[in-house]
Amino acid sequence: MRKHIVAGNWKMNKNLQEGIALATEINDLLKAEKPNCEVIIGTPFIHLAKVSEVVDHSLVAVSAENCADKASGAYTGEVSAEMVKSTGAEYVILGHSERREYYHETPAILKEKVHLALANGLKVIFCIGESLAQREAGEQEAVCKAELEGSVFHLTPEQWKNVVIAYEPIWAIGTGKSATPAQAQAVHAFIRGHIAKKSQAVADQVIIQYGGSVNDANAAELFTQPDIDGALVGGASLKAPAFAVIVK
Ligand code: PGA
């Protein structure tokens with residue numbers, strides 16, 4: 001049995017004080033009703049150290065939303081995987097479609113980021129997924145395959161233990177238009193099947209989250225699908241009560 005993981009992705013929302021308040025509220029709700037899945041909150045870099053201090057890490061893990069593709073040095077404005085790890089964070093979200101699209105992160109750059117994250121003891125939530133035009137052209141499987149092969153396919157079974165895949169169709173992100181459970185399940189099964197071509201053991205254990213307009217009303221039905229092992233939640237992770245309902 002694979003465990004489920006519900007992860008929040010705050011994106012570029014909440015100032016430091018608001019972020020601490022939100023993390024505290026989420027922590028309190030989870031303390032009152034212990035989750036039967038793993039819970040992660042993904043925050044901007046500036047929140048990581050403080051949020052790591054205020055949450056109980058036996059209830060909720062902390063994730064960055066990005067890290068640099070270089071280990072250290074003269075890269076003004078960048079934050080390394082080692083720095084992320086030193087805040088107390090356990091995870092980093094890599095390959096989010098917003099990073100790929102707006103910051104031109106290529107599969108090769110993401111491969112470097114994944115390597116550095118794992119080498120510094122971080123677990124990776126690696127995002128893949130097709131655009132609306134690609135979905136309309138029936139290319140969702142080809143896109144997922146290429147994104148997997150471009151950045152994570154080469155990893156060893158040992159490294160895969162620290163990788164979570166998030167299938168996030170771009171047309172479902174922030175649109176209020178989630179993939180249906182059947183649409184998501186079909187791609188999750190394809191992803192798991194493709195990973196099985198490399199290693200059946202890895203395919204059986206890898207956690208594949210769905211992301212894209214998951215909320216407190218549609219999460220339960222998505223989670224009934226056999227290959228959907230949780231969710232990566234954007235908008236609905238900014239409200240502690242809604243996030244707690246998804247966790248529940
Ligand atoms: P959303 O975002 O839940 O607001 O659609 C999901 C994501 O981008 O991770």
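**View 1. The shell around the ligand, sorted by class.** Four nonpolar, seven polar and two charged residues make up the shell around the ligand; here Ala, Val, Leu, Ile, Met, Phe, Trp, Tyr, Cys and Pro count as nonpolar, Asp, Glu, Lys and Arg as charged, and the others, Gly among them, as polar. This is a predicted model, where local features need pLDDT of at least 70, side-chain atom pairs count only at pLDDT 80 or more, and totals for chains, interfaces and linings use all residues. Residues are numbered from 1 along each chain as its sequence is written, and side-chain values use heavy atoms, with hydrogens and water left out. There are 13 residues around the ligand (a heavy atom within 4 Å of it), and Lys-11, His-96, Glu-168, Gly-174 and Ser-213 come nearest.

**View 2. Ligand oxygens up close.** An oxygen atom of the ligand is 2.7 Å from an N or O atom in the Lys-11 side chain. For Ser-213, a polar backbone atom is 2.7 Å from a ligand oxygen, and for Gly-235 a polar backbone atom is 2.8 Å from one. Taken alone, the ligand exposes 280 Å² (Shrake-Rupley method, 1.4 Å probe), and the protein buries 95% of that.

**View 3. Lys-11 and His-104 in their loops.** Lys-11 sits in the loop between β1 (5-9) and α1 (16-32), while His-104 sits in the loop between α4 (97-102) and α5 (107-119). Helices here are DSSP runs of H or I with at least four residues, and strands are runs of E with at least two, numbered from the N terminus. Most residues other than glycine have a negative phi. Phi is positive, though, at Lys-11, near 60 degrees, and at His-104, near 55 degrees.

Key. Polar contact = N/O pair within 3.5 Å; in protein donor to acceptor, adjacent residues only side chain to side chain.
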